[in-house]
Amino acid sequence: MLGFLSSPVCLTVIWFLSWSLHHSCAQISTDEVSGVHYGHLGKNVTLACGKSQRIPVVWHLNRSSVLPWHKVASDGALVLLRVDHSAQGIYSCYDNRGLLLHSTKLRMGYPPGLLSISCQVPSHAHVRCSWVESIKTFLPVQYNASLGGIGQDWKPCVVDVSRKHCDVYDPPFWQTIHTLRVTVTNALGSETTDARLKLHELLKPDPPESVLVKEIEGYPRRLMVLWKSPPSWPLHDSFPLLFQIRYRPVGSVYWSEIFSEHSPAVVFDALAGHLHQVQIRAHDEVNTESQWSEWSPMLLIQPWTVYTTTDPPTEEPFQDYDFPFNEKPETSTEKSHNPALVDVGNLVLVILLVLFSVVILITVPSLIYVLWVRQRRRDHGTKQELTSMVKMKSMPI
């Protein structure tokens, strides 16, 4: 019997059965891994050793016996004291034979706080709201957002988690005040933030696009401005846009402005022979409480100029535009090309006007005074004549 037990075949069978039993026990223990445990930074965190009742137990962090500041409870639970980010990792507990009983991953962070919400309304059909967290949680979060208010149906606000914003399409613009409600949730809690909105005041179109400024051949004081409405404003027929164009010669601090409802628009008073800066912006023509868009990028253009060289630069001629004024093309004079002479002429005109005003101020009071003195003398003479006549009548005949 002893010889049979000591035979190689018998020893192989016994080793195989022992390995199978140990592997089964390890598999059962591994199945007790709980996943991820979330803890509040700066507070105590308790990690239980699964459902195991085996005591004592030994805890390891990332397969190391070195642990943060801690204590082990009577039931084998590990209590980490005032944890910080360094306490994050995989915690495992073993029995006194080294058998793995339980394993869990610890992540540290904070519960969510209130959000700082701002909204943009590029058209009547679209509202986009974004937010900034007041507390960095260090943990994965989820957002739930909707737009509504008292007596209104709540419309979902489609959330982009990575960019931290949401979009509402076709909002109820006829309501005066709306409420955007955003709830942020993580493993440690949730927080809801309400923001009151006045969409008609937040309405701000995007700047016009494809802006182009062209010179007009034969007209040295005119510029042609062309543009397209922003793509984010699809309802331009129902909600027309008003466009403001501003322009000035390079170096000037003063802008000139014109308004137009349609493209193109013509500038009639550009300074001949000078480079100009031109910009355009848009505004809802119906809603006076809405905001102007941002200005389009600055464009530089010089009006058409008469070239004296034999090979003038080739310019694309403007076609199919009916000028409302001056059918005869304007001509550029020497005066318009010499700003120094213009300034001297203006200075002389100002001096003449000042001298004329001084002469008027001196002459008019003098004339009034002379007329007053003459009238006074005339009145005095008339009075003396009347006195003499009275005396003569009173004398006895």
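**Close-up views of a predicted model**

**View 1. An open sheet of four strands, paired in antiparallel fashion, follows the order β11-β10-β14-β15.** In this predicted model, the edges of the sheet are taken by β11, residues 155–156, and by β15, residues 189–197, and because each of these has a single partner strand, one side of each is left without a neighbour in the sheet. As a general reminder for reading this view, strands of a sheet pair through backbone hydrogen bonds, and the pairing may be either parallel or antiparallel.

**View 2. Strand β10 and strand β11 run antiparallel and are joined by two bridges.** Strand β10 covers residues 142–148, and one place to look when comparing the two strands is L147, which stands opposite K155 in β11.

**View 3. A cis peptide bond leads from S263 to P264.** Its omega angle is near 5°, and P264 itself is placed in the loop that runs between β19, residues 256–260, and β20, residues 265–267. In general, most peptide bonds are trans.

**View 4. F138 has a positive phi, near 65°, although the residue is not a glycine.** In general, most residues other than glycine have a negative phi. F138 lies in the loop between β9, residues 126–133, and β10. The relative accessible area of F138 is 37%, so this residue counts as partly exposed, a class that falls between the cut-offs of under 20% for buried and over 50% for exposed.

**View 5. K164 is another residue other than glycine with a positive phi, here near 55°.** The loop that holds K164 connects the region between β12, residues 158–160, and β13, residues 165–169. With a relative accessible area of 31%, K164 is partly exposed.

**View 6. The whole protein, shown for orientation, has four helices and 22 strands.** Of the 397 residues in the protein, 32% are buried. When contacts between residues at least 6 apart in sequence are considered, 62% of them join residues that are at least 24 apart. The protein exposes about 26200 Å², and carbon and sulfur atoms supply 59% of that area.

Terms used:
Residues are numbered from 1 along each chain as its sequence is written. This is a predicted model: local features need pLDDT of at least 70, side-chain atom pairs count only at pLDDT 80 or more; totals for chains, interfaces and linings use all residues. Side-chain values use heavy atoms; hydrogens and water are left out. Two strands pair if DSSP finds at least two bridges between them. Buried means under 20% relative accessible area, exposed over 50%, partly exposed in between (1.4 Å probe, protein chains only). Contact means heavy atoms within 4.5 Å. Accessible areas come from the Shrake-Rupley method with a 1.4 Å probe; for residues, only the protein chains shown count as cover.
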